[in-house]
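Student: Please pick one part of this model and look at it closely. Then work outward from there into the rest of the chain.

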Amino acid sequence: MKHSKKFREIWVSTDSHMIANEATKCGAKVHWRSRMSATDTASSLVALQDFIKGHKEFDRIGLIQCTSPFLAVKYLNEAFEHLQQGYDSVFSVTREFKLRWKENRPEKTFVAVNFDPARRPRRQDWDGELVENGMFYFTRRHLISRGLIQGGRIGVVQVERKDSLEVDNPADLNLARYQSGDL
Ligand SMILES: CC(=O)N[C@H]1[C@H]([C@H](O)[C@H](O)CO)O[C@](O)(C(=O)O)C[C@@H]1O
């Protein structure tokens, strides 16, 4: 984020003194989360709503999730270009080539969701699908106030598969360590 030199201010939203200390050491400002937005089940939207309540000065806000360790400046630069072109919200996605199936209950039968089994696509013949990878979300204050992270004119930044890992459990953390050469 710092290396992109595009942010007016960088804030870390937390209720932890340890994280706040680290943030300050790195030159970020600290937003102390309200109790309601610092629970295990609070969504990012709730955290954003909590942030804008205390910071009326920002119209555009970028939420960078620390669970995406392979964030790169090139992706942020692309997001900024989109914002300059007039997009209201821009978020990160990865192109996936997954054939998805849905379970019918209670019959326990299955139907294809995103392809026709009679005409199974090959990756090479298919554009695939854009899937959120949780790396970042740029948005506007008025959208957050309305309970939206994505809205208005919506744009995306495509992140390479190798950079799109999201850490959600200990196995992901091991993978991230392995990928970054820490293991
Ligand atoms: C901005 C946003 O909505 N963040 C949400 C993310 C993203 O949906 C996910 O990272 C996309 O891959 O998921 C959670 O962490 C989750 O479900 O555990 C909840 C969090 O509120």
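Tutor: The part chosen is the ligand site, and the shell around the ligand has 3 nonpolar, 5 polar and 2 charged residues (nonpolar: Ala, Val, Leu, Ile, Met, Phe, Trp, Tyr, Cys and Pro; charged: Asp, Glu, Lys and Arg; polar: the others, Gly among them). This is a predicted model, with local features needing pLDDT of at least 70 and side-chain atom pairs pLDDT 80 or more, while totals for chains, interfaces and linings use all residues. Residues are numbered from 1 along each chain as its sequence is written, and side-chain values use heavy atoms, without hydrogens or water.

The shell consists of Ser43, Ser44, Leu63, Gln65, Glu132, Asn133, Gly134, Tyr137, Ile149 and Glu166, where a shell residue has a heavy atom within 4 Å of the ligand. Its largest share, 4 residues, comes from strand 7 (helices, H or I of at least four residues, and strands, E of at least two, are DSSP runs numbered from the N terminus). Two side chains place polar atoms beside the ligand: one of Ser44 lies 2.8 Å from a ligand nitrogen, and one of Gln65 lies 3.1 Å from a ligand oxygen. Of the 470 Å² of accessible area that the ligand has on its own, the protein covers 57% (Shrake-Rupley method, 1.4 Å probe).

Shell residue Asn133 leads to Ser92, since the side chains of Ser92 and Asn133 are joined by a polar contact of 2.6 Å because their N or O atoms lie within 3.5 Å, one able to donate a hydrogen and the other to accept it. The Ser92 side chain also reaches the backbone nitrogen of Phe136 at 3.1 Å. Ser92 belongs to strand 4 (residues 89-96) and counts as buried because its relative accessibility is 0% (buried is under 20%, exposed over 50%, partly exposed in between). Beyond four places in sequence, Ser92 has contacts (heavy atoms within 4.5 Å) that include the shell residues Glu132, Asn133 and Gly134, as well as Val157 and Val159. The C-alpha atoms of Ser92 and Gln158 are 6.0 Å apart, although 66 residues separate them along the chain.

Phe136 leads on to the largest nonpolar core, which has 14 residues and in which Val90, Phe136 and Phe138 have the most contacts (a core is a set of buried Ala, Val, Leu, Ile, Met, Phe, Trp, Tyr and Cys joined through side-chain atoms within 4.5 Å). Helix 3 (73-84) and strand 7 (129-140) are the elements giving two or more residues to this core, and helix 3 gives the most, with 5. Apart from this core lies another of 11 residues, among them Phe58, Leu63, Val93 and Ile149; Leu63 and Ile149 also appear in the ligand shell.

Ser44 of the shell has the number at which helix 2 (residues 44-54) starts; in this helix Ala47, Leu48, Asp50, Phe51 and Ile52 are buried. These buried residues pack against strand 1 (11-14), strand 2 (29-32), strand 3 (60-64) and helix 4 (141-145).

For the whole chain, the secondary structure comes to 5 helices and 8 strands, in the order β-α-β-α-β-α-β-β-β-β-α-β-α. Of its 183 residues, 34% are buried. Among contacts with a separation of 6 or more, 65% join residues 24 or more positions apart.

Notes. Buried < 20%, exposed > 50% of the residue type's maximum accessible area, 1.4 Å probe, protein only.
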